[in-house]
Amino acid sequence: MRIEEFINYLGFTKGNPFQYTNADQEYSSISDYFISPDYFEDLWGDPKLPISNIILAPRGTGKTAQRIMIEKRAMQENVLAITYTSHDLSAFNNLDKVDINYHFELLNRLILIGLYTKIFELSKEKFETNFTFEERQFLFMLAKLYLYKTPSSFPTQAISSLKTIPDRALDVWKSFSEPVSKIIQNITKSQGFEVDISKIKVDDYNYKMSHKDNLKNLIDLSKKLNFTSIYILVDKVDEQDKTGNDPSQSFKLISPLLKDLEVLEMKGLAFKFFLWDALSNDISKYSRPDRVPVYELEWSTDELKKLLNKRVQYFSENKIENISTIFETEEDFNMVLTFGERSPRDCIRILSRAITEQNKLNDKVKYISKEALHEGIEHFIKQKTSELIPNPNSITHLKKVGSVTFTIEGLVSKKVGSGASAVRNIINPWTKFNLAKKIGIESKSKVSRSVNLYSYIDSRIARTANPQINIEDFYKQKVKHCSSCSFTYYRDFEIKKWECPNCDSLN
């Protein structure tokens, strides 16, 4: 059976609920199954008195979904939202060279595109009524400064940043293949002026030295078009070609904005930063949470279940109320939550692969069997481990460990490394990237000193370190959901009981 047919057979008549792991790919439907974090109303704020804020979250936990919901709400409440996700960094050999003027120039350009798009919808009379002669001249000079030398492809790039502008209005940019100056000429022609910005003389030096002032002026001009305020939605900082998986490079790109409190508190403007939590250490050095609130996104098990339930309800047209019913047992679904590590994206990745495995194993049943689930989880773990530990040699070392808890001396005896120094070098990346950590001291009667005891704190890494047992035995022997506080942690429970790191209960 083809996978789409099997998806329908399972009861998902509106499509595959686990097809996409990127919220941008679900733009049209995400409102139907979005779950608001408890701080979401504070994040939105009051557009009449906007404030900037920062969201910190691991990858795949819903930052972009929140950004999209802000975009959708901005459209309803007449807020000009600029989705600030695309950067051409080819001019920078070093991101240390990115300064505040880089951001001002790009943001002014995007805001200006938004304002001209709105102007195109006005009647000639309304344009003349809303803007004084001096304001119209200023708009034309800004167009010369920020838009004249942009490539003809820029409007297409800008369109993706202006999701709060209706598509019909943005068509003005899609309809022309000429340079931007020609588009501006056509927009102003519709207002009875037909301005050729190529002929406008601008004192470039004075204007370029005041990008911040120009931003303030653009905010004031936006009020003339009935925008309540302007929201700058900063997302995907760590997905640029020169930032990648490097938190320090990602921080360098946006640090000029984060450090400029005057800009973050500019009247009529708010920055909403949706940032990878790996940047948190750098951000804490400069942030002012008393004036720019910082929120951390974490999903509880119950919240994650609610999120996934709402998703399957939508795609099954409410025929499936509870996602756990597509598994053989409730505990099977709990395995998804465990190895998904409270990440919606990773849970969806597991579920997608499990359905694929079930379709291959037996497409005559309307559930995901244990066998299919285990195959799907193992496939996901292999991929995720490679993402978390890109170095293949490090993964080879990891597979030799054979336990969840370990000491340096124990790894030497298992020949994970040739000596204590080599083992330290091997485990350093694990601890540096928060995949394992020191959990205490272990005393041994045969040695004169105590040794540090470590444990893996990521289920995928812990599983990869124990290839000698199957995944079902790993889940039974190495995973505990604390009986007192429900916190999930990983130890060698088949050997002894271990204290819960959250509440100190013995499990």
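**Exercise 1. Place Ser-250 in this predicted model and decide whether Ser-250 is buried or exposed.**

Solution.
- Step 1: find the element. Ser-250 sits in helix H12, which covers residues 247–259.
- Step 2: check the surface. The relative accessible area of Ser-250 is 0%. Buried means under 20%, so Ser-250 is buried.
- Step 3: list the contacts. Beyond its neighbours within four places in sequence, Ser-250 is in contact with Val-237, Asp-238, Thr-243, Gly-244 and Leu-279.

**Exercise 2. Describe the protein chain as a whole: what are its secondary structure, its spans and its share of buried residues?**

Solution.
- Step 1: take the elements. The protein chain has 23 helices and ten strands.
- Step 2: take the spans. Along its principal axes, the C-alpha trace spans about 85 × 60 × 40 Å.
- Step 3: take burial. The protein chain has 507 residues, and buried ones make up 52% of them.
- Step 4: turn to the surface. About 23800 Å² is exposed, and carbon and sulfur atoms supply 46% of that area.
- Step 5: look at sequence separation. Consider contacts between residues at least 6 apart in sequence: 70% of them join residues at least 24 apart.

**Exercise 3. Work out which strands pair with E3 and how E3 is covered.**

Solution.
- Step 1: locate strand E3. Its residues are 230–234.
- Step 2: find one partner. Strand E2 (residues 80–84) runs parallel to E3, and five bridges join them. Leu-80 of the chain stands opposite Ile-230 in E3.
- Step 3: find another partner. Strand E4 (residues 269–276) also pairs with E3 in the parallel sense, over five bridges. Here Tyr-231 has Ala-270 in E4 as its bridge partner.
- Step 4: recall a rule. In a regular strand, side chains alternate between the two faces of the sheet.
- Step 5: read the two faces. One side of E3 carries Ile-230, Ile-232 and Val-234; the other carries Tyr-231 and Leu-233. All of these are buried, and both faces are covered.
- Step 6: conclude. Five of the five residues of E3 are buried, so E3 is largely enclosed by the rest of the structure.

**Exercise 4. Take Leu-233 from strand E3 and find which residues Leu-233 touches.**

Solution.
- Step 1: check burial. Leu-233 has a relative accessible area of 0%, so Leu-233 is buried.
- Step 2: name the contacts. Residues up to four places away in sequence are not counted. Leu-233 touches Arg-67, Ile-70, Glu-71, Ala-81, Ile-82, Thr-83, Tyr-84, Lys-272 and Phe-274.
- Step 3: compare sequence with space. Leu-233 and Leu-275 are 42 residues apart in sequence. Their C-alpha atoms are 11 Å apart.

**Exercise 5. Test whether the span of helix H4 agrees or disagrees with the expected value.**

Solution.
- Step 1: count. Helix H4 (residues 100–121) has 22 residues.
- Step 2: get the expected span. The rule is 1.5 Å times one less than the number of residues. For H4 this gives 32 Å.
- Step 3: compare. The end C-alpha atoms of H4 are 32 Å apart, which agrees.
- Step 4: add burial. H4 is mostly covered, with 17 of its 22 residues buried.

**Exercise 6. Follow the open sheet of three strands to the largest nonpolar core.**

Solution.
- Step 1: order the strands. The sheet runs E6-E8-E7, with antiparallel pairing.
- Step 2: pick the edges. Strands E6 (405–406) and E7 (436–442) are the edge strands, since each pairs on one side only.
- Step 3: inspect one pairing. E6 and strand E8 (residues 451–456) are antiparallel over two bridges. Thr-405 stands opposite Ser-455 in E8.
- Step 4: move to the core. The largest nonpolar core has 82 residues. Those with the most contacts inside it include Phe-406, Trp-430 and Tyr-456. Helix H17 (residues 344–361) gives the largest share of this core, six residues.
- Step 5: zoom in on Trp-430. Residues up to four places away in sequence are left out. Among the residues that Trp-430 touches are Ile-389, Leu-398, Phe-406, Leu-435 and Tyr-456.
- Step 6: note another core. A second, separate core has 67 residues, including Ile-100, Leu-122, Ile-183 and Leu-221.

**Exercise 7. Explain why Cys-503 forms no bond with Cys-482.**

Solution.
- Step 1: get the distance. The sulfur of Cys-503 is 3.6 Å from that of Cys-482, its closest cysteine sulfur.
- Step 2: apply the cut-off. A disulfide needs sulfur atoms within 2.5 Å, so 3.6 Å is too far for a bond.
- Step 3: count. The number of disulfides comes to zero.
- Step 4: compare burial. Cys-482 is buried, at 4% relative accessible area, whereas Cys-503 is partly exposed, at 29%.

Conventions. Residues are numbered from 1 along each chain as its sequence is written. This is a predicted model: local features need pLDDT of at least 70, side-chain atom pairs count only at pLDDT 80 or more; totals for chains, interfaces and linings use all residues. Side-chain values use heavy atoms; hydrogens and water are left out. Two strands pair if DSSP finds at least two bridges between them. Helices (H or I, at least four residues) and strands (E, at least two) are DSSP runs, numbered from the N terminus. A nonpolar core is a set of buried Ala, Val, Leu, Ile, Met, Phe, Trp, Tyr and Cys residues joined through side-chain atoms within 4.5 Å. Buried means under 20% relative accessible area, exposed over 50%, partly exposed in between (1.4 Å probe, protein chains only). Contact means heavy atoms within 4.5 Å. Accessible areas come from the Shrake-Rupley method with a 1.4 Å probe; for residues, only the protein chains shown count as cover.
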